[in-house]
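Colleague: Before I rely on descriptive terms for this protein, I should like to hear what each of them rests on. Would you take me through them?

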Amino acid sequence: MVKTLEKVDVVVVGSGWAGGIAAAELTKKGYKVVGLERGKAQKRDDFVGSKDELRYDVRKLMFQELNKETLTIRNTLDETATPNRSNDTNAINGTATGGSGVHWNGMVYRWLPTDFEIRTKTVEKYGEEIIPKDMQLQNWGIKYDELEKYYDQFEKTGGISGEPDPLRPGQRSDDYPTPPMKETDIIRTFTKAAKDLGYHPYRIASANISETYTNPDGETINACVYCAFCESFGCDFGAKADPIATVLATANKTGNYELRNNSYAVRIVHENGKAVGIKYVDTETGDEFIQPADLVVVAGFTFTNTRLMLLSEIGKPYNPKNGTGVIGSHLTAHQRNLTHTRVRGFFDEKKFNRYAGTGALGVTMDDFNVEQLDHTKLDFLHGFCLRTSQRGDRPITNNHVPAGVPSWGKEFKDKSIFYANRRIDVQQQNGALAWRENYMDLDPTYTDMFGDPLLRVTSKFHDQDRNIVRYAHQRGKELLEQMGADYITVPEITDETEFDKTSLSDHTGGGVIMGDNPETSAVNNFSQVWDMDNLFVVGASSFPLMGSSNPTATVGALAYRAAEGMIKFLEDGGGQLVKKEESAKA
């Protein structure tokens with residue numbers, strides 16, 4: 001029997017950055033908000049003594065439990081998808097209070113103006129004919145200049161440490177709240193080589209902050225101690241901007257927020273074109289509840305948001321055969337076995353201290369990004385950033401040796417020790433564009449622990465995807481040659497390199513995309529569902545593409561804009577915040 005609870009102003013699915021920002025902004029305005037989190041309760045004190053690489057980084061203790069819910073994966077429409085059952089394949093989506101925002105590395109990038117107007121800018125510069133058949137290039141319905149103030153708000157909430165990109169003058173309304181992290185020999189070596197080649201390096205903006213900072217909501221984040229336990233770990237020192245330390249703390253102190261852990265959302269309940277609440281299961285007792293609310297916010301990870309929309313039969317599911325429908329379309333990601341690869345340089349005479357570090361301690365450059373390249377001379381669209389980061393090498397997963405050295409035995413042991421502090425990695429991260437037959441839908445065969453269909457991912461690499469990575473690897477190799485590396489290992493990307501279960505990434509977007517036309521998008525630029533005005537779907541699920549750098553700041557910026565829209569919706573008595581007629585003409 002399903003129990004219907006007392007109605008509240010707002011119910012929010014998810015307690016990560018998107019859900020946490022919505023909760024903080026709404027509760028500050030006096031609205032009663034209930035948050036539903038599928039994972040357990042956790043707080044900063046729980047991370048004390050958690051610097052255990054085996055449990056947290058190798059065995060993925062903080063990640064989604066795939067025995068309860070997972071994805072099925074296939075490459076083409078005529079294949080039968082099979083489930084992913086191992087977090088070794090990098091499906092590192094968070095669960096528990098704070099979501100993935102608790103165990104993130106903390107890299108903060110603003111995406112480029114062209115990203116938000118990708119189709120318009122591409123056609124203006126090159127014409128329609130440069131766009132490959134079946135590539136989906138779609139504008140977001142919002143421009144960078146409109147989003148800039150929300151980027152700034154996210155950075156101030158997190159006390160982000162950084163310095164501006166020299167190739168983007170005039171695109172910031174304010175400086176970063178705190179100065180860049182410490183400089184290291186690795187950063188100096190990369191920076192000098194890049195400048196010697198005529199490039200424009202700058203420090204990666206970091207949520208592992210450089211000095212103690214109190215944000216506008218009164219939350220204090222401590223200065224980082226460079227312990228090297230960021231990605232896969234919660235910060236026991238409170239020196240990483242995460243939802244627990246910032247937006248959830250703000251929501252909690254208003255007295256208007258209740259977070260219910262172990263609450264697994266199974267449906268968006270709706271009647272007569274309106275969302276009326278969320279149906280969820282208490283995973284500790286098995287009891288089912290409906291939490292009614294005036295406003296419903298779905299703010300989980302891309303897969304969660306898309307699956308909830310499909311299970312709840314809201315919006316028209318995407319059909320890859322004829323390109324109609326929107327829910328599930330524009331699957332886009334930084335793939336682990338392609339986009340996240342790196343060129344590795346080994347030095348016989350130079351030593352670097354790789355022991356200390358943070359998730360976002362590093363240097364990057366945008367000289368090969370979408371706005372800097374002439375694509376008439378290339379066999380791909382968009383672009384990439386090159387960077388090196390010093391995360392701190394933990395012992396289990398960092399025994400790297402030059403190509404040709406055996407992967408076991410005495411020589412491996414000797415070389416892994418010798419090169420432990422004689423290595424610089426140059427990672428490329430490229431823009432990932434959407435394709436017509438890369439999409440998400442409900443699997444017809446496999447179900448979760450409640451008997452509901454799993455989400456099915458259909459994805460295949462294209463020449464565009466492989467070509468941009470090959471080109472980036474060569475630019476990374478040139479950088480390492482300039483640095484004086486003695487041995488350089490370049491990953492092999494062949495025509496057979498394909499999307500598989502090792503491709504899964506926490507940088508995945510699409511499925512409930514943003515746009516300016518209800519016929520080709522699911523939400524408007526306030527993340528409000530076109531077909532249901534009191535339902536907001538917030539997060540990377542709204543991305544029509546993945547920019548060439550980490551997505552968290554864009555998630556945060558869109559969440560702040562969405563929260564502004566939610567408040568306006570509640571204050572003005574409802575209605576669409578963006579008129580359909582005006583959007584269709586835009």
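Modeller: The following exchange sets the computed values beside the definitions of the terms. This is a predicted model, in which local features need pLDDT of at least 70, side-chain atom pairs count only at pLDDT 80 or more, and totals for chains, interfaces and linings use all residues. Residues are numbered from 1 along each chain as its sequence is written, and side-chain values use heavy atoms, with hydrogens and water left out.

Colleague: Why is T178 called buried?

Modeller: Buried means under 20% relative accessible area, exposed over 50%, and partly exposed in between, computed with a 1.4 Å probe on protein chains only. T178 has a relative accessible area of 2%, so it is called buried. The residue is found in the loop between helix 5 (144-158) and helix 6 (185-196); helices (H or I, at least four residues) and strands (E, at least two) are DSSP runs, numbered from the N terminus.

Colleague: What is T178 in contact with, leaving aside its neighbours within four places in sequence?

Modeller: Contact means heavy atoms within 4.5 Å. With those neighbours set aside, T178 is in contact with G159, I160, S161, G162, I209, S210, E211 and Y213.

Colleague: Why is D196 called partly exposed?

Modeller: Its relative accessible area is 44%, which lies between the two cut-offs, and therefore D196 counts as partly exposed. D196 lies in helix 6. Its C-alpha atom is separated by 8.1 Å from that of Q482, although the two residues are 286 residues apart along the chain.

Colleague: What makes a group of residues a nonpolar core?

Modeller: The term denotes a set of buried Ala, Val, Leu, Ile, Met, Phe, Trp, Tyr and Cys residues joined through side-chain atoms within 4.5 Å. The largest such core here has 146 residues, and I268 and L535 are those with the most contacts inside it. Helix 11 (residues 552-572) gives the largest share of this core, 11 residues. Another core, of six residues, lies apart from it and includes M107, Y109, Y202 and A360. In soluble globular proteins, nonpolar side chains tend to be buried together.

Colleague: Which residues does L535 touch, not counting those up to four places away in sequence?

Modeller: L535 touches I268, A275, V296, V298, M309, I314, S527, Q528 and V529.

Colleague: How do you know that strand 20 is mostly covered?

Modeller: In strand 20 (residues 423-430), eight of its eight residues are buried. On one side these are R423, D425, Q427 and Q429, and on the other I424, V426, Q428 and N430, and both faces are accordingly covered. In a regular strand the side chains alternate between the two faces of the sheet.

Colleague: What makes strand 20 a partner of strand 17 and of strand 19?

Modeller: Two strands pair if DSSP finds at least two bridges between them. Strand 17 (residues 342-346) pairs with strand 20 in the antiparallel sense over five bridges, and F346 has R423 as its bridge partner. Strand 19 (residues 384-389) also pairs with strand 20 in the antiparallel sense, over four bridges, with R387 opposite Q427.

Colleague: Why are strand 5 and strand 22 called edge strands?

Modeller: They belong to an open sheet of four strands in the order 5-4-23-22, with mixed pairing. Strand 5 (82-83) and strand 22 (439-447) each pair on one side only. Strand 5 pairs with strand 4 (residues 71-74) in the antiparallel sense over two bridges, and I73 has T82 as its bridge partner.

Colleague: What makes an empty space a cavity and what makes it a pocket?

Modeller: On a 1 Å grid over the protein atoms alone, a cavity is a set of points where a 1.4 Å probe fits but cannot get out, and a pocket is an open set with protein on both sides within 12 Å along at least five of seven lines; lining residues have an atom within 4 Å of a point. The structure holds eight cavities of 30 Å³ or more. The largest cavity holds about 160 Å³, where volume is the space filled by probe spheres set on the points, and points are joined across faces, edges and corners. Of the 18 residues that line the largest cavity, A333, Q335, A432, L433 and D465 are the closest to its centre.

Colleague: What volume has the second largest pocket?

Modeller: About 270 Å³ of space lies in the second largest pocket. Its lining has 14 residues, of which K40, Q42, L61, M62 and A96 lie nearest its centre.
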